[in-house]
Structures are given as C-alpha cells and as structure tokens.
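This report covers the strands, the helices packed on them, and the ligand site. Please keep the structure open while reading.

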Amino acid sequence: MGPPPASFTASARLLLRKLRGLMAEDIGAQERLDRIVAMIASTMVADVCSIYLRTGAEEMELSATEGLDRSAVHTTRLRKGEGLVGLASTSAKPVNLSDARHHPAFSYRPETGEDPYQSFLGVPILRGGRPLGVLVVQNRAQRHYAEDEVEALQTTATVLAEVVSAGNLLAEARFGDIETRLSRPEQLDGRVFVEGLAIGRVVMHAPIAPPQALFSDDPVREEQRLVDALAALSADFDAILTDVGPRAPGIVRDVMETQKLLAEDTSWARRLIEAARAGLAAEAAVERVRNEHRARLQNARDPYLRDRLQDLESIDNRLLRILSGAVIDRNSLPEDAILVARDLSAAELLDYGQGAFLAVLTEEGGPTSHAAIVARALGGPFIGRLPDLLRHVEPGDLVLVDAEQGRVHMRPNIEIVASFRERVAMKQAARAEFALIRNEPAVTLDGRRIHLMLNAGLSMDLDQLADSGAEGIGLFRTEFQFLIADSLPRLSDQIALYSQAIDKAEGKPVQFRTLDLGGDKVLPYLHGEREENPALGWRAIRITLDRPGLFRRQLRALVAAAAGRELSVMFPLVANFAEFDAARALLEKEADWAERMGKPRPSALRVGAMVEAPAFLWQIPALKDRAQFLSVGTNDLMQYLFAADRANPRVADRYDILSPGALSFLRATRLAAESAGITISICGEAAGHPLEAMAFIALGFSNLSMPASSIGPVKRLTRSLDAGCAAGAILPLLSSPEASLRPILLNLAKEFGAMI
Ligand code: PEP
Ligand code: MG
C-alpha cells in the first residue's frame with residue numbers, strides 16, 4: 001500500500017487539530033458550531049460552510065453557517081430528502097457537484113442567499129449509520145472538490161457526529177427541534193422467533209467506538225495499531241478457514257472467504273490508515289468507515305449488494321473488537337440488557353451465555369434458525385425481521401419487547417409501560433399457576449391422559465426437564481451439538497451429551513433423533529456445493545445413510561450412552577420403509593457390536609421415525625412390528641404438505657395447520673399408527689400452542705412434545721378440556737371448505753371453557 005496523498009493527510013489533520021482546539025473551549029453549543037463552520041470554511045478555502053441538523057420531524061434545519069445569510073439559521077428547513085442536503089442525508093454518501101444549481105435535486109431557498117455559489121460538497125454526519133445531519137461547503141467558482149477534500153470533510157463529519165450526539169445542544173432553546181438522540185416513541189413489527197415479554201435497555205451487539213477515543217496525539221502509533229489489528233484479522237480468517245477444512249466449500253466457507261478477501265482489500269485498509277494519519281484514533285477510524293458501510297447497507301435493496309455490505313460490516317465489527325481487545329464481555333452488560341443486532345449467529349449468542357440478556361432483537365434471521373433455537377434454550381424472547389431496526393434504536397433506549405404480538409415499543413410513554421408491566425405481571429402469575437400444576441398429570445375433564453414431553457437438544461435444555469414437569473424428552477435434536485461446534489464432535493463428546501440426557505431424565509423416556517442436518521442446518525465441514533432447493537435436497541436421513549461412517553459413529557455413541565439402559569432412537573425425514581429399515585439395521589449392528597466387544601447392549605431398543613415426508617403415511621402399515629414409535633414433525637410436514645418453504649416469510653405463514661386438509665392428514669396418520677400398533681406423538685412447534693394442542697387431542701393424539709415454556713400452558717388447556725366434546729365438534733369440520741378453522745376453533749374453545 002502506497003502512502004496516501006500528502007495533501008489529504010495534511011488538510012484533514014489540520015482540520016482535526018483545529019476542531020479539537022474548538023472542542024476544548026468552554027463555550028455554548030451555538031457558538032461552538034458557528035466557530036466550527038468558520039474554521040472549516042477558512043481551512044478549506046470555501047466561501048460557505050454550513051451545518052444542517054436533523055429535527056424530530058426528519059427535516060434538516062440549517063443550524064450554523066459561514067457565508068450564507070445568518071438570518072436563515074434555525075429558520076430554513078428542508079423536508080426529508082429535499083434538496084442536495086436531503087440527497088446527502090438519505091443516500092448517506094457525499095454529494096460533490098461543480099454546478100449544483102442544475103442538479104435535479106437542487107432546491108432553491110432564497111432566504112439563504114446562496115445564489116452566487118455554484119459548487120457544492122455535502123457529506124452526511126453519521127452516527128451508528130444513522131444520519132444526524134449534513135456538513136456542507138460551497139464555492140462561488142465552478143469546481144469539483146478533490147478526493148482528499150471529500151475525505152477530509154467526511155473525517156470532520158465523523159467527529160461532528162460525536163460533538164452533536166454528546167448532546168449539550170438540547171440545552172439551548174434554539175436547538176429545540178434538533179434530534180441528537182432518538183427521543184420519540186416508535187414501534188416496529190417483526191416476526192416472533194421466541195415468545196415472551198421483556199422490558200429493558202438496548203445494548204448493541206456491534207460495539208460503538210467511545211467518543212473519548214476520537215482523537216489521537218500520536219498518528220504513528222494509531223497507524224501501527226491498525227496495521228497490527230489488520231494482520232490479526234487476516235490471521236483470524238486463516239485460522240477459521242483452516243478449521244473449516246479445504247474439502248468443505250459450504251456456505252460458511254464461502255462467507256469466510258469473501259470476508260477474508262474484503263479484509264485484505266487494500267482500499268479498505270488504506271481508508272482506515274488515512275483516517276488514522278489524519279489524527280483519528282484507530283477505533284474512530286474504523287467507526288468512520290463502518291458508518292458509511294452501514295448507511296449504505298440500510299439503503300441497499302439488492303440482496304447481493306446487501307450481502308456484500310453485510311460482510312463488510314461484519315469485518316468492521318471484528319476489527320473493532322480486535323482493537324478494543326474485547327471479544328464479548330457479558331459481564332459489562334446491564335442486568336436488563338436487550339440485545340440488538342443486525343443478525344446474530346448461534347455461536348455468538350452462546351458466547352453471551354445464559355442470563356446475560358433479557359431478549360434479542362434483530363433485523364434479519366429466521367424463526368427456525370439456530371440462533372432462535374439457542375435463544376429459546378437461553379430463555380429469552382426473540383423478535384427478528386424488524387425492518388431497519390438499527391436506525392430506530394440507540395444504546396440505552398428503553399424498549400418493550402412484546403414477543404407475543406411481534407412488536408417492539410421503543411422509548412414508550414409511561415401509559416404503555418404501565419400496561420405492559422401489567423401484562424408481564426399477569427404472565428408471572430400464570431407461571432406461578434403453572435408451577436402449582438407442575439407435578440399434576442395432564443388429564444382431560446373426561447379422563448383422557450395426555451403425555452406432555454420436552455423438546456431439547458443442548459445440555460442447557462436438560463435442567464428444564466425437572467423444572468417444567470415434562471414426562472420425558474419427546475424430541476432430542478442431536479444435530480445441535482454439531483451445529484454449535486467448529487468441527488465434528490468426537491465420539492466421546494457425543495457419548496457425554498447423550499448420557500447426560502439419559503441421566504437427567506432419571507428413568508423417563510428420551511427419544512433421540514439422529515442427525516437432522518441439511519435444509520437450513522448447514523454444516524461447513526460436511527456440506528458440499530449449495531443446493532437449488534435445500535429443503536427438498538440432501539438432508540436428514542438422506543445424509544446419514546450416504547455417510548455411514550458419520551452415522552455409525554453417532555449410533556455407537558447412543559448405544560454407549562445407554563450403558564445397558566433402554567434406548568429410543570428415531571430417524572428424521574424418512575420417506576419410505578426402505579430408508580427406515582436401512583437405518584434400523586445400522587442401529588442394530590451397533591448394538592450387536594457393543595455386545596461382541598463385551599459392552600452392555602441396551603436393555604431395550606425402541607426404534608422410531610419422524611413423520612415429515614407426506615408419502616411416509618402410506619408406509620406406516622409396513623412398520624408393524626418394526627417400529628415402536630412415530631413422531632410427527634409438523635414443522636416439516638406442513639412445508640411438504642403445502643409445498644411452502646418454512647424458512648421463507650412470503651409463504652411460511654400462508655397455510656394454517658388448523659385447516660381441514662392438514663388436520664385430516666394428521667388424523668389419518670394417527671389412525672394408521674394405531675392400526676399398526678405403533679405409539680405416535682407430535683413434536684413440531686404446533687404441539688406447544690394450546691389451540692393447536694386442543695385440535696390434536698380432539699384428533700386422538702395423546703402424546704405431545706414441546707419447548708419447556710409450553711408445558712404449563714398446554715397442561716392447563718388439557719385439564720380444562722372435555723376431549724370427547726371437542727372431538728364431537730371438530731371432526732365434522734374436517735370436510736369443511738374453510739382455508740383455516742382457526743376462528744371456529746377459537747370460538748369452540750371459548751364455548752367449552754377450554755383455557756387456551
Ligand atoms: C419438525 O419438522 O416439526 C421437527 C420437529 O423437526 P425440526 O424442526 O428440527 O426440523
Ligand atoms: Mg423436521
């Protein structure tokens with residue numbers, strides 16, 4: 001990388017030095033801004049320098065000027081997006097024009113007296129990617145501002161963003177409408193990934209450079225810090241890529257390789273180093289570049305571009321963490337932290353650990369993503385797909401997380417807070433009520449015994465077995481251990497987790513599901529090329545049957561963990577009898593092998609399958625005497641029944657499981673299992689929703705498996721339901737033409753007094 005042009009370094013450094021002097025003086029906010037614009041105009045040899053700041057109504061108010069008519073200050077306002085100032089703000093990019101008045105966005109404001117000025121350079125004042133205002137210089141003569149001048153002005157704007165958001169502006173009446181911090185109540189709607197309610201304060205997952213670290217006295221040292229941090233970043237990527245392994249060009253590897261390339265891009269590094277040479281501290285230099293990436297990301301609609309910008313932001317964040325020496329410091333989080341991020345991986349959430357935050361909010365993500373599953377295990381509500389979330393919140397904002405309705409209230413007024421607190425209290429009361437019935441059986445009013453089991457997958461889920469009063473583990477998702485690891489878990493790791501599950505169950509049944517990878521659960525060290533339709537592709541039992549080494553190792557671990565006790569194992573996404581039989585044969589081989597090696601054989605082998613591929617319904621008779629149990633995975637079954645990708649928000653919610661078609665299918669499955677003498681349960685998310693559970697009980701299902709938080713509500717429903725009555729009312733509806741029976745079932749529940 002060559003040295004930056006001397007002029008840039010010199011002019012930016014000069015500006016920063018003078019700015020620093022002005023900030024140290026004990027003067028009022030207006031005077032400070034006035035002197036800043038005068039200083040910039042003279043240093044940059046501009047005829048005009050002005051600062052426009054954003055008001056609460058998203059207008060831009062002329063807040064200080066050198067060169068324009070001063071009477072326009074605090075009077076001239078531009079609507080959102082109006083004029084060249086609005087363009088710089090909404091595009092979050094510099095606007096550099098030699099003939100401003102002929103630009104289509106030009107908006108003429110006679111009161112400012114700007115007629116004589118032909119050239120215009122406006123740069124956004126960004127903080128956390130959010131535009132706080134625009135810094136403008138203008139000249140009489142037609143000229144195109146050189147790149148180093150644009151850079152110098154942008155660097156100055158970074159510092160100004162801190163000056164403005166440090167906030168003593170608000171104390172002065174003239175700045176009454178200026179919004180240096182977001183202050184109005186707002187609400188955003190997203191998608192519930194994990195249900196629950198929480199009240200707390202925003203903590204940004206991505207670090208913000210602290211304002212006191214803006215300037216540096218020693219540019220040489222800051223440059224060296226950046227060079228070292230960049231080298232560490234590159235080494236980080238090398239280490240990750242080595243771990244991931246060369247034979248696995250999966251999605252994670254693609255992302256990592258792209259990020260490594262971007263991290264080694266000399267133009268990015270040059271921009272950072274230029275900013276440090278100009279006098280910014282290394283962290284502030286990264287912040288300056290990150291702000292631009294963020295602002296552009298927020299405006300990008302093209303998914304490819306968004307991905308690239310997201311990669312860039314992710315490496316900015318990594319670099320900032322390396323510089324600050326902080327990985328993730330869960331101890332520095334306040335007790336009521338609401339974690340806010342553009343997106344979060346399962347591993348990042350696990351780094352925070354249990355109890356570190358109250359809830360998670362993200363712009364991206366999916367409800368069945370691993371991060372959502374981990375958040376559920378950590379016990380916090382989670383709302384994702386909140387559009388432009390990062391633009392709407394700031395660190396420290398009070399937020400109400402309503403992960404029942406999928407709504408976030410930001411900076412709410414006290415009435416909303418009061419009514420929300422009431423709901424939280426009601427929830428707590430309900431929890432207390434659930435605790436009272438924890439050890440009571442789930443029996444319907446007409447005496448039908450329903451068995452409520454737990455869905456688990458991480459060792460931290462296991463404590464919930466006793467806490468929730470579940471009767472066992474109906475679904476143990478073994479792939480989670482693989483998903484949160486950087487490389488294939490060893491045989492001993494697998495044995496340890498499985499035996500922990502059996503031990504903690506204390507004799508209650510544990511139904512292990514063998515590896516259900518593929519679809520949205522991609523392992524970098526296992527997957528090959530990307531697939532066109534991953535949900536219909538190489539996943540679950542298809543992978544394990546094709547990789548007998550991997551599969552047998554897991555089955556061996558399961559047999560070893562049973563250590564002579566009963567073992568229940570089921571296979572995911574089985575589509576025909578042959579797949580089931582092949583998998584079962586491998587399990588039996590492992591049990592035989594253990595015996596031959598003088599190790600204990602499970603006292604009983606219970607073998608099962610998930611009903612997820614619709615075609616499997618017609619193979620159930622063939623399972624007679626071959627399978628001991630079946631479990632319906634409604635998440636997948638629904639996507640295959642209705643041909644609607646469960647991870648695609650456009651179609652995932654289009655069809656209702658409470659529809660005549662889906663319920664008829666479930667009923668037929670239950671009847672087929674019964675005829676074959678096979679126990680059947682439902683373990684998809686729907687089993688944990690009381691209204692759906694009511695329908696399933698009416699269809700004759702007596703075993704339901706669900707997340708721990710659903711056990712109480714579903715038990716309460718069961719104990720308030722007359723199952724016979726419900727069946728009598730619901731079965732005739734299976735031939736109705738309704739797309740969804742939900743409204744009818746809601747009314748029926750009310751009529752029966754069933755507590756949903
Ligand atoms: C299901 O598909 O309903 C299921 C329980 O499996 P998973 O959600 O893990 O795919
Ligand atoms: Mg499934």
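## The eight-stranded sheet

Strand 11 (residues 359-362) and strand 12 (residues 382-384) run parallel and are joined by 2 bridges. Val360 faces Phe382 of strand 12. Helices (H or I, at least four residues) and strands (E, at least two) are DSSP runs, numbered from the N terminus. Strands count as paired if DSSP finds at least two bridges between them.

These two strands belong to an open sheet of 8 strands. Its order is 7-14-13-9-10-11-12-8, and the pairing is mixed. Strand 7 (186-189) and strand 8 (191-194) are the edge strands, each pairing on one side only. From one strand to the next, the twist averages 30°.

## Basis of the model

This is a predicted model, in which local features need pLDDT of at least 70 and side-chain atom pairs count only at pLDDT 80 or more, while totals for chains, interfaces and linings use all residues. Residues are numbered from 1 along each chain as its sequence is written, chains are lettered from A and ligands numbered from 1 in the order in which they are written, and side-chain values use heavy atoms, with hydrogens and water left out.

## The six-stranded sheet

A further open sheet has 6 strands in the order 3-2-1-6-5-4, with antiparallel pairing. Strand 3 (77-78) and strand 4 (95-97) stand at its edges; each has a single partner strand, so one side of each lacks a neighbour in the sheet. Strand 1 (residues 48-54) runs antiparallel to strand 2 (residues 60-66), and 6 bridges join them. Arg54 stands opposite Met60 in strand 2.

Helix 2 (residues 29-43) packs on this sheet. Helix 2 touches strand 1, strand 2 and strand 6 (130-139), and its direction makes about 60° with that of strand 2. Contact means heavy atoms within 4.5 Å. Axes are lines fitted to C-alpha atoms, for helices over the stretch in contact, and angles run from 0 to 180 degrees between N-to-C directions. Helix 4 (residues 147-166) lies across strand 1, strand 4, strand 5 (119-127) and strand 6, at about 40° to strand 5.

## The ligand site

Around ligand 1 are 14 residues (a heavy atom within 4 Å). Arg477, Arg513, Glu612, Gly633 and Asn635 come nearest. A polar side-chain atom of Arg513 is 2.8 Å from a ligand 1 oxygen. A side-chain N or O atom of Glu612 also lies 2.8 Å from an oxygen atom of ligand 1. Asn635 places a polar backbone atom 2.8 Å from an oxygen atom of ligand 1.

Strand 17 (473-477) and helix 20 (634-641) are the elements that give two or more residues to the shell. Helix 20 gives the most, with 3 residues.

Terms used. Polar contact = N/O pair within 3.5 Å; in protein donor to acceptor, adjacent residues only side chain to side chain.
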